[in-house]
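User: Hi! I'd like to learn how to read the place where two domains of a protein meet. Can you walk me through it?

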Amino acid sequence: MTIPQAAPPRRIARFREEIDRAVASVLGGSTYILGQAVADFEAAFAASAGQPHGVGVASGTEALALALRALGIGPGDEVIAPALTFAGTAQAVLQCGALPRLVDVDPVTRCLDPARVAEAVGARTAAILPVHLFGHPADMPALMKIAEHHGLAVIEDCAQCHGASLAGRPLGSFGHAAAYSFYPTKNLGCVGDGGAILTRDAALADRLRALRHYGFAGPERVSRGLGFNARLDEIQAAILLVLLPHLEAGNAERRAIAARYRACLSLSGLGLPPEAPGHVYHQFAVTHPERDRLMRHLAEAGIGTAVHYAPGLHRHPAFREGATGPLPVTDALAATLLSLPIQPEVADEAPARVAQALRGFSL
Ligand SMILES: Cc1ncc(COP(=O)(O)O)c(C=O)c1O
């Protein structure tokens, strides 16, 4: 049987009865936009990450863009971000009129390299945007030190790290704001687009609530400033409320599958992802110099894989202007990374099947 790289409908199927009841309750209710489900989910999600304020928005990209705007970042500003990430990270920076300054990543963590960040800080730098890529923590203590030294805002891109921590502290709680995506394949994913921002700053949360809702500051429909229609909707929030209590168990399953991959693949010649206690394995991304040949070989063996991310963002026409020079680590990873199946609903047999398939593959 073929193992897909990811299959969000299988997670929905696992919790289908509860989800059906939650959706029916929204359909039979009185409010489809910014009602009780969104408010309940914001409170529950913020509490789960140890943060006082949560603001549900339309997507992870909106979460980043609104957080940047709410922190006052705009035209003329530069935001330091990694070149190895999903395009949405840098699009959010462009969306608010700022320039994404793309720097290289650390070869082990695959996240922002603090040394490269320190070199890239200049007169226009307004913020640092670390991405906890694949669920592994970026080096937040080092990045916060740089940010504090230069008076920079820090927005954590938590699209791939729901439930993750660093030295016991939840990711997303280090910077000024944390942006989450609930795209269906995420560790916490809905059945469409969705996102949220978490913060400990009450005034920032108020600005975000206004920004996502036409600039309205309260129940009276008066625009106090710039605003968008960028809200999380009730149906997605109701589904997320069903899935949130299962996030921790899902992350534990991912860690268990990752441990089995390590055991099965330790002698395989593949480069294995870094280990960290708070890692939530949004992806289990290995490296191999002949990545494309390996991908084809695994596909022939009925194992779905995916490439995250190639090319590096500094090679996208939209982001070229902000590249800080040659980015050799990003280029090398973009050419060799391959994400194996890790979603608990599809990946149970994957470690053994991948190991078996590798026996017929000349490394
Ligand atoms: C690291 C990262 N940042 C931002 C995003 C954008 O999120 P969305 O697709 O919900 O806009 C994603 C995922 O999709 C992501 O993986």
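Analyst: Sure, let's start with a term: a salt bridge is a side-chain nitrogen of Lys or Arg within 4 Å of a carboxyl oxygen of Asp or Glu. This is a predicted model, where local features need pLDDT of at least 70, side-chain atom pairs count only at pLDDT 80 or more, and totals for chains, interfaces and linings use all residues. Residues are numbered from 1 along each chain as its sequence is written, and side-chain values use heavy atoms, with hydrogens and water left out.

User: How many salt bridges are there between domain 1 and domain 2?

Analyst: The count is 2. Look at Arg14 and Glu253: their side chains form a salt bridge at 2.9 Å, N to O.

User: Where do the domains lie in the chain?

Analyst: Domain bounds come from an automatic or database domain assignment. Here, domain 1 covers 8–102 + 111–245, and domain 2 covers 246–359. Taken over C-alpha atoms, their centres are 24 Å apart. The contact (heavy atoms within 4.5 Å) takes 39 residues from domain 1 and 35 residues from domain 2.

User: And how much area do domain 1 and domain 2 bury between them?

Analyst: The size of an interface is often given as the accessible area lost when the parts come together. Buried area uses a 1.4 Å probe and is summed over both parts. For domain 1 and domain 2 that's about 3100 Å², with 62% of it on carbon and sulfur atoms. On the domain 1 side, Leu84, Leu102 and Phe134 supply 24% of the area buried against domain 2, more than any other three residues.

Notes
Buried area = accessible area lost by both parts, 1.4 Å probe.
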